[in-house]
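Please walk me through this fold, starting with the helices and the sheet beneath them. Keep it brisk.

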Amino acid sequence: MKKLFLLLCVCAAVTGVASAPADGLPPQAKRGGMPLLEALSRRRTIREFRPDALTDRQLNELLWAACGVNRPDGKRTIPTAMNRQDLSVIVLLPAGAYWYDAPAAKLVLHKAGDFRPQASRFDAPVKLLFVSDTEKLKPTPDGRDFAAVHAGAAAQNAALYCASEGLANVWVGGFDPAALSQALELPAKWKIQLTMAVGLPAK
Ligand SMILES: Cc1cc2nc3c(=O)[nH]c(=O)nc-3n(C[C@H](O)[C@H](O)[C@H](O)COP(=O)(O)O)c2cc1C
């Protein structure tokens, strides 16, 4: 509970939305939302966003859906080949780029500054980067890249959460990974597989 409270405090600080309740109870619930089949029927790409920030709860749940820990043994909402857990999410908010520390359920500042424009041309309050630790998982000898599969699983989890929550999102393959990695000063082992713009739909 303490860790989630920290997450909410960081989120509140960086998004400018209401802070966590005084008792620190996280508004994230691991139940609720829209029935899965309804969320699947609503899943779609929406490319135009309102400027409003996500609430603490929405950001928290979005990240947890993407690759959060969902069992006491530390495993995630996404499966990973050989349980390598090579996939992480970086969140780009107006104040900075933050690692989502899934086991601790908190955001850790990576670099201050607004890097959202470099993640895609879409004007959204939140951008997610799906990044692989290439030292944890290599492509198979016959060339199959399960790291990209993991990024896709996390992105689809996030997209289904968006559908359930009435949020807009677009997956973005059209960005410059080298330029974005350089701007963020990411260590070489991290590969940005995909980005996603998220926010309230413009209409
Ligand atoms: C891996 C991947 C990369 C994508 N990259 C982009 C992109 O760079 N720009 C964009 O506008 N849409 C992008 N999209 C969204 C697709 O264009 C969109 O999913 C497709 O048109 C089908 O629409 P739907 O998602 O509403 O079903 C991407 C989707 C995927 C799965």
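**Helices on a sheet**

Helix α5 lies across β1, β4, β5 and β6, and runs at about 10° to β6. Contact here means that two residues have C-beta atoms, placed from the backbone, within 7 Å. Angles run from 0 to 180 degrees between N-to-C directions, and axes are lines fitted to C-alpha atoms, for helices over the stretch in contact. Helices (H or I, at least four residues) and strands (E, at least two) are DSSP runs, numbered from the N terminus.

This is a predicted model: local features need pLDDT of at least 70, side-chain atom pairs count only at pLDDT 80 or more, and totals for chains, interfaces and linings use all residues. Residues are numbered from 1 along each chain as its sequence is written.

Now the sheet itself. It is open, has 6 strands and follows the order β3-β2-β1-β4-β6-β5, with antiparallel pairing. Strands pair if DSSP finds at least two bridges between them. β3 and β5 (168–172) stand at the edges with a single partner strand each, so one side of each is left without a neighbour in the sheet. On average, neighbouring strands are turned by 25° against each other, direction ignored.

Start at the β3 edge. β3 (residues 106–112) pairs with β2 over 6 antiparallel bridges. Here Tyr100 stands opposite Leu107 of β3. The two strands form a hairpin with 4 residues between them, and Ala105 in the turn has a positive phi of about 50°. Next comes β1 (residues 87–93), which pairs antiparallel with β2 (residues 96–101) over 4 bridges. Val91 has Tyr98 as its bridge partner in β2. A hairpin of 2 residues joins β1 to β2.

Go to the other edge. β5 and β6 (residues 190–199) pair in the antiparallel sense over 5 bridges. Val172 stands opposite Thr195 in β6.

Helix α3 also packs on the sheet. α3 touches β1, β2, β4 (126–133) and β6, and its direction makes about 155° with that of β1.

How do α3 and α5 meet? Helix α3 (residues 56–67) and helix α5 (residues 146–165) pack at an angle of about 145°, with their axes 7 Å apart. Their contact uses Gln58, Glu61, Leu62, Ala65, Ala66 and Cys67 of α3, and Ala154, Asn157, Ala158, Tyr161 and Glu165 of α5. These residues divide into 7 nonpolar, 2 polar and 2 charged. Nonpolar covers Ala, Val, Leu, Ile, Met, Phe, Trp, Tyr, Cys and Pro; charged covers Asp, Glu, Lys and Arg; the others, Gly among them, count as polar.
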